[in-house]
Amino acid sequence: MPEGDTVYQAAMRLHNALAGKVLTRSDLRVPKFATADLTGRTVLDVTPRGKHLLTRIEGGLTLHSHLRMDGSWKVYAPGQRWSGGPAHQIRAILGTADRTAVGYRLPVLELLRTADEHRAVGHLGPDLLGPDWDPDQARENLLRDPARPLGEALLDQRNLAGIGNVYKSELCFLLRATPWLPVGDLPAEHLAQLPALAKKLLEANRDRPARSTTGRREQKLFVYGRAPRPCLRCGTPVRVADQGDGSRERPTYWCPACQPGPTPAPGAHARRPGRPRITN
């Protein structure tokens, strides 16, 4: 489930494997860029931007990719068996003398001029894990539409970049607000706390192999994926329902006792408890 922390980890793996090295193999398996040849060029760096990956290459070029729901980048040593999926799902191959990076099921893959990166990521709000992080700007962005449900606003990457469906549910729980509460109705002290809390969660998990928001070894998440099990704080059964984000309905988890505020009408957008759908 790629969110800001897991995309950061993917960027670090790619950077460590490719940066400073000359490409000996280049294969972009999307029609528009299928004839592009990057061999002989040095990879300069791989940078995460929210949920986007920017692989910068000598000559003023950037390979922009986005994992969305199912995409992944795998790094292999010479002779190592590729195991990220069947060959027809490979969208990109970047190889050096000692490492090969393979992009599977990438829904977004484009080659840009580095000077034109703004075309791909210029719409994003402050990056929770990036050097441009600005909590005041993030808070201001969230309040531009005070009637918008909190969960939807947190998922909108134009407000702040890096939050996905897991962190949305966990943040709302920690803020003691339902994801359907209008942003403008969030208590002032909670709104003031929100940007720092979001950053704290993502920073704590950017180097962890398994995401945790609770600090507990046996139970890593407060509400996400836990319906109808008891809330870790009060014991009330956790609930789940769909909530839109402007593009699709997403499973949303909350504790009806710990998180006061509006909720879906009984039966409306209800989901059967079970494994959450994979979302970006």
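This is a short walk through the sheet, the cores, a strand pair, some backbone features and a helix pair of one structure. Please keep in mind that what we are looking at is a predicted model.

Let me begin with the open sheet, which is formed by 4 strands in the order β1-β6-β7-β5, with antiparallel pairing. Its edge strands are β1, residues 25-28, and β5, each of which pairs on one side only, and from one strand to the next the twist averages 15°.

Within that sheet I would like to stay for a while with β7, residues 100-104, because 5 of its 5 residues are buried, that is, under 20% relative accessible area, and the strand is mostly covered. If you follow the side chains along β7, Thr 100, Val 102 and Tyr 104 point one way while Ala 101 and Gly 103 point the other way, and all are buried. With β6, strand β7 pairs in the antiparallel sense over 5 bridges, and a hairpin of 4 residues makes the connection from β6 to β7. With β5, which covers residues 72-76, β7 again pairs in the antiparallel sense, over 5 bridges.

The register can be read from individual bridges. Which residue of β7 is the bridge partner of Ile 93? That partner is Val 102, and Val 102 also has Lys 74 standing opposite. Tyr 76, for its part, has Thr 100 in β7 as its bridge partner.

Across this part of the sheet lies a helix: α1 lies across β5, β6 and β7, and runs at about 35° to β5. That brings me to the nonpolar interior, where α1 appears again.

The largest nonpolar core has 26 residues, and the members that touch the most other members are Leu 53, Leu 63 and Trp 73. At least two residues each are supplied by α1 (4-18), β2 (43-49), β3 (52-57), β4 (61-66), β6 (90-95) and β8 (108-113), and the greatest contribution comes from α1, with 6 residues. To see what surrounds one of these members, take Leu 53 and leave aside its neighbours within four places in sequence: its contacts then include Val 7, Ala 10, Ala 11 and Leu 14, as well as Val 46, Leu 63, His 64, Leu 67 and Trp 73. Apart from this core lies another, of 25 residues, among them Tyr 8, Leu 129, Leu 142 and Val 183.

Let me move on to a strand pair at higher residue numbers. Why do we call β9, residues 239-244, largely enclosed by the rest of the structure? The reason is that 5 of its 6 residues are buried. Strand β9 is joined by 6 bridges to β10, residues 249-254, and the two run antiparallel; one bridge to point out is that of Gln 243, whose partner in β10 is Arg 250.

Now some backbone features that deserve a look. Most residues other than glycine have a negative phi, and most peptide bonds are trans. Against that background, the peptide bond from Ala 227 to Pro 228 is cis, with omega near 0°, and Pro 228 is found in the loop between α6, residues 188-205, and β9. Arg 68, in the loop between β4 and β5, has a positive phi, near 45°, and at 41% relative accessibility this arginine counts as partly exposed. Arg 105, in the loop between β7 and β8, also has a positive phi, of about 55°, although it is not a glycine; its relative accessible area is 26%, so Arg 105 is partly exposed.

My last topic is the packing of two helices. How do α5, residues 165-174, and α6 cross? Their axes come within 10 Å and cross at roughly 130°, and the two helices are therefore oblique to each other. The crossing in which α5 passes α6 is right-handed. At the residue level, Tyr 167, Leu 171 and Leu 174 in α5 meet a set in α6 made up of Leu 197, Ala 198, Leu 201, Leu 202 and Asn 205.

If you take one picture away, let it be α1, which lies across β5, β6 and β7 and gives the most to the largest nonpolar core.

Definitions and conventions. Residues numbered from 1 in each chain as written. Predicted model: local features only at pLDDT ≥ 70, side-chain atom pairs only at ≥ 80, totals over all residues. Heavy atoms only, no water. Core = buried A, V, L, I, M, F, W, Y, C linked by side-chain atoms within 4.5 Å. Buried < 20%, exposed > 50% of the residue type's maximum accessible area, 1.4 Å probe, protein only. Contact = heavy atoms within 4.5 Å. Pairing = 2+ DSSP bridges. Axes fitted to C-alpha atoms, helices over the stretch in contact; angles between N-to-C directions. Parallel < 35°, antiparallel > 145°, perpendicular 65-115°, else oblique. Left-handed = near helix turned anticlockwise from the far one by under 90°.
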